[in-house]
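The following paragraphs explain a protein model with its bound ligands, moving from strand pairing to the ligand sites and then to the backbone. Please keep the sequence and the coordinates at hand while reading.

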Amino acid sequence: MADIAAIAAKLDAAASTARAIPQITGQEGELSLADAYAIQRAAIDHRLARGATLVGVKMGFTSEAKMVQMGLKDQIWGRLTSDMVVANGGALDRTRFIHPRVEPEVAVRLKAPLAGEVTRDAALAAVDAVAAALEIIDSRYENFRFALSDVVADNASSSAFVVGPWLPAHTDIADVAMEMRVDDVVAETGSSAAILGDPIRSLVAAARLAGAAGLVLQPGWTVMLGGATAAAAIASARTVSLDAGHLGRVGFTIAGGAT
Ligand code: OOG
Ligand code: MG
């Protein structure tokens with residue numbers, strides 16, 4: 001039996017002090033997915049106790065590019081909290097991160113609760129607005145290496161996110177070309193179609209997976225639907241921007257620390 005409270009406290013401390021810890025699997029024996037999600041919840045509870053609020057969920061491994069990059073195949077989800085929100089064009093403090101990476105995503109904002117097995121139409125009907133977005137992932141594990149249960153326990157590596165201008169729910173998000181630049185150099189290009197062939201499928205999966213854990217996606221919440229391309233390292237970057245065609249632009253600057 002994993003010591004859920006102890007591992008959650010370690011992960012919370014690793015995130016708040018930006019100091020990596022060894023992965024859990026292998027070291028402390030096997031970790032079931034159920035225990036991993038219990039750890040995720042308990043680690044986030046530390047943040048909520050400090051005054052943060054839940055503002056949404058994120059999906060992981062919803063594109064082939066991400067599965068290949070990380071060597072994992074199963075979709076996972078994590079929680080988005082208010083202290084992870086970065087305004088579009090905002091500045092990030094590098095000292096907050098261990099070995100940050102960024103990936104281009106599509107986000108939706110909900111206007112109705114969503115949970116459990118829902119149809120594509122029901123998921124679409126719950127969408128209030130859509131946007132291009134960037135997720136900053138920062139695994140709390142050494143060398144950004146982990147097995148599936150490790151990354152689930154670690155809130156799916158999520159660290160911060162930046163959402164572009166919100167656009168009407170009917171805006172097409174199915175096949176939007178995306179070009180992500182790090183320090184004005186193109187780092188990744190792709191299409192939102194890489195997200196499960198249709199990003200709304202990722203929202204359907206979010207409702208199902210979070211619902212199975214007893215979480216109802218709430219009106220006003222943001223759902224990050226997953227990286228469309230592999231992630232790019234930004235440990236020594238200064239600017240990151242995403243051009244997502246008719247979905248607009250989103251970006252941030254990152255400064256501070258040694259580099
Ligand atoms: C896990 C998070 C995956 C995505 O968009 O696929 C993810 C990781 O790559 O560290 O956020
Ligand atoms: Mg992501």
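R109 stands opposite A129 in strand 6. This pairing belongs to a predicted model, in which local features need pLDDT of at least 70, side-chain atom pairs count only at pLDDT 80 or more, and totals for chains, interfaces and linings use all residues. Residues are numbered from 1 along each chain as its sequence is written, chains are lettered from A and ligands numbered from 1 in the order in which they are written, and side-chain values use heavy atoms, with hydrogens and water left out.

Strand 5 and strand 6 run antiparallel and are joined by 10 bridges. Helices (H or I, at least four residues) and strands (E, at least two) are DSSP runs numbered from the N terminus, and two strands pair if DSSP finds at least two bridges between them. Strand 6 also pairs in the antiparallel sense with strand 7 (residues 158-163), over five bridges; there A133 has V163 as its bridge partner. With strand 8 (residues 167-168), strand 6 shares two bridges, again in the antiparallel sense, and A129 stands opposite P168. Of the 11 residues of strand 6, 10 are buried, where buried means under 20% relative accessible area, exposed over 50% and partly exposed in between (1.4 Å probe, protein chains only).

Strand 14 (residues 249-255) takes part in further pairings. Strand 4 (residues 91-93) runs parallel to strand 14 and is joined to it by three bridges, with L92 opposite I254. Strand 13 (residues 239-243) runs antiparallel to strand 14 over five bridges, and T239 has T253 as its bridge partner. The hairpin of strand 13 and strand 14 has five residues between the strands, and G245 takes a positive phi near 55 degrees there.

The ligand sites come next. E103, E105 and E135 coordinate the magnesium ion (ligand 2) through OE atoms at 2.0 Å. Donors are N, O and S atoms within 2.8 Å of the metal (3.2 Å for Na, K and Ca); water is not among the atoms, so sites may look incomplete. In sequence, the spacing of these donor residues is E-x1-E-x29-E. Both E103 and E105 are buried.

Ligand 1 is surrounded by 17 residues, and the closest are K58, F61, K66, S157 and G227; a residue is near a molecule if one of its heavy atoms lies within 4 Å of it. Strand 1 (54-60), helix 3 (64-70), strand 5 (101-110) and strand 6 (127-137) each supply at least two residues of this shell, and strand 1 gives the most, with three. An oxygen atom of ligand 1 lies 2.8 Å from a polar side-chain atom of K66. Side-chain N or O atoms of two magnesium donors also approach oxygen atoms of ligand 1: E103 at 2.8 Å and E135 at 3.0 Å. The protein covers 100% of the 320 Å² of accessible area that ligand 1 has on its own, as computed by the Shrake-Rupley method with a 1.4 Å probe.

Two backbone positions remain. Most residues other than glycine have a negative phi. A18, however, has a positive phi near 55 degrees and is placed in the loop between helix 1 (4-17) and helix 2 (33-49). N155 likewise has a positive phi, near 50 degrees; N155 lies in the loop between helix 5 (148-153) and strand 7 and is buried, with a relative accessible area of 3%.

Key:
A polar contact is a pair of N or O atoms within 3.5 Å; within protein, one must be able to donate a hydrogen and the other to accept it, and residues adjacent in sequence count only if both atoms are side-chain atoms.
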